[in-house]
Amino acid sequence: MLTSLNADVWLRFSQFPTVTDVARAFADRLSGPDYWTDLTDSLTRILTGFLLAAVLGVATGVLVARSRLAEDLLGPLLEVLRPIPAIALVPVAILLFPSNEQGIIFITCTAAYFPVLVSTRHAVRALTPVWEEAVRTMGGGRWRILGSVVLPGALPGIFGGLSVGIGVSWICVISAEIISGQYGVGYRTWQDYTVVDYPGVFVGMVTIGVLGWLTSTAVELLGRRLTHWLPRTSYVPGGRPPRRVRGATALMPAGPGTKENLPHDQLV
């Protein structure tokens, strides 16, 4: 409404394209091949860098949390590198890698790596020692503890870091495409800005937002699937009481049918 009325009340909405202009530009882009090429390039960069960051971040987080030697050797270095914005590494990527494509994937991976690392490290350190002691008591070794206790117990925290990492990856891949890319949603958005095509700029912004939402939702759904064994609350304020967990025994007063009055053989 403000853009259609060309409102200028300190904020200059008269400079903005209207919703109709953006929708028309969106329809034009969807009918052309460049839009889908940019979409494919950005998604490929995101998925490649994010998967690398997920593997490296989880591995490093578990290593640092479980090994005192690794914490002493890698901890200070990681804490020095972590505050550096990934977009500040663009000059390093340009000098280090032979192609811009590899440099963009490196920046995307670096952006997602540290959120995954930190969340994994905290999740592993928060695990109760009783679980590990129980596995050791039953004869389990180091790898058994890692597969049965550490990774399953840390999954909720790991996926929290993955959800943050995928969002940060989108921010940095768009910035990297603007600086050193040749194709991609970020590159196309910047090109539209340089030629004063403001509806095209808003098309790029909407595309980035939708892609970020879809990838974050995919990570969240995968996390729910892999942590389906976690207890889920069904409490609704002002609604029905919590759902009873299957297999749980409710507290009941002693009576003819309760276990307090059952014969020993039936109780067993």
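Select helices α3 and α5 in this predicted model. α3 passes α5 in a left-handed crossing. Now show the side chains at the contact. From α3, pick Glu 71, Leu 78, Glu 79 and Leu 81. From α5, pick Tyr 113, Phe 114, Leu 117, Arg 121 and Arg 125. Colour the set by residue class: 5 are nonpolar, 4 are charged, and none is polar.

Stay with the pair and draw the axes. α3 covers residues 68-81, and α5 covers residues 100-125. Their axes come within 12 Å and cross at roughly 140°. Because angles over 145 degrees count as roughly antiparallel, this crossing falls into the oblique class.

Zoom out to the whole chain. How many helices and strands does the protein have? There are 10 helices and 2 strands. Trace the chain along the sequence: the two β elements are read before the run of α elements, in the pattern β-β-α-α-α-α-α-α-α-α-α-α. Colour by accessibility next. Of the 268 residues, 34% count as buried. Then turn to contacts with a separation of 6 or more: residues 24 or more positions apart account for 71% of them.

Next, go to Asn 6. Find Asn 6 in the segment before β1, which spans 8-9. Check the backbone here. Most residues other than glycine have a negative phi. Asn 6 has a positive phi, near 55°. Is Asn 6 buried or exposed? Asn 6 is partly exposed, with a relative accessible area of 48%.

Jump along the chain to Val 196. Val 196 sits in the loop between α8 (185-194) and α9. What is the phi of Val 196? The value is positive, about 60°, although Val 196 is not a glycine. Switch on the surface: Val 196 counts as exposed, at 53% relative accessibility, because the exposed class starts over 50%.

Follow α9 (198-226) to its end and select Thr 227. Thr 227 lies in the loop that runs between α9 and α10 (264-267). Is Thr 227 buried or exposed? Thr 227 is buried, with a relative accessible area of 5%. Show its side chain together with the backbone of Gly 223. The Thr 227 side chain reaches the backbone oxygen of Gly 223 at 2.6 Å.

For a last view, display two stops together. Val 196 is exposed, whereas Thr 227 is buried. Val 196 lies in the loop between α8 and α9, and Thr 227 in the loop between α9 and α10.

Terms used. Residues numbered from 1 in each chain as written. Predicted model: local features only at pLDDT ≥ 70, side-chain atom pairs only at ≥ 80, totals over all residues. Heavy atoms only, no water. Axes fitted to C-alpha atoms, helices over the stretch in contact; angles between N-to-C directions. Helix = DSSP H or I, 4+ residues; strand = E, 2+ residues; numbered from the N terminus. Parallel < 35°, antiparallel > 145°, perpendicular 65-115°, else oblique. Left-handed = near helix turned anticlockwise from the far one by under 90°. Contact = heavy atoms within 4.5 Å. Nonpolar A, V, L, I, M, F, W, Y, C, P; charged D, E, K, R; others polar. Buried < 20%, exposed > 50% of the residue type's maximum accessible area, 1.4 Å probe, protein only. Polar contact = N/O pair within 3.5 Å; in protein donor to acceptor, adjacent residues only side chain to side chain.
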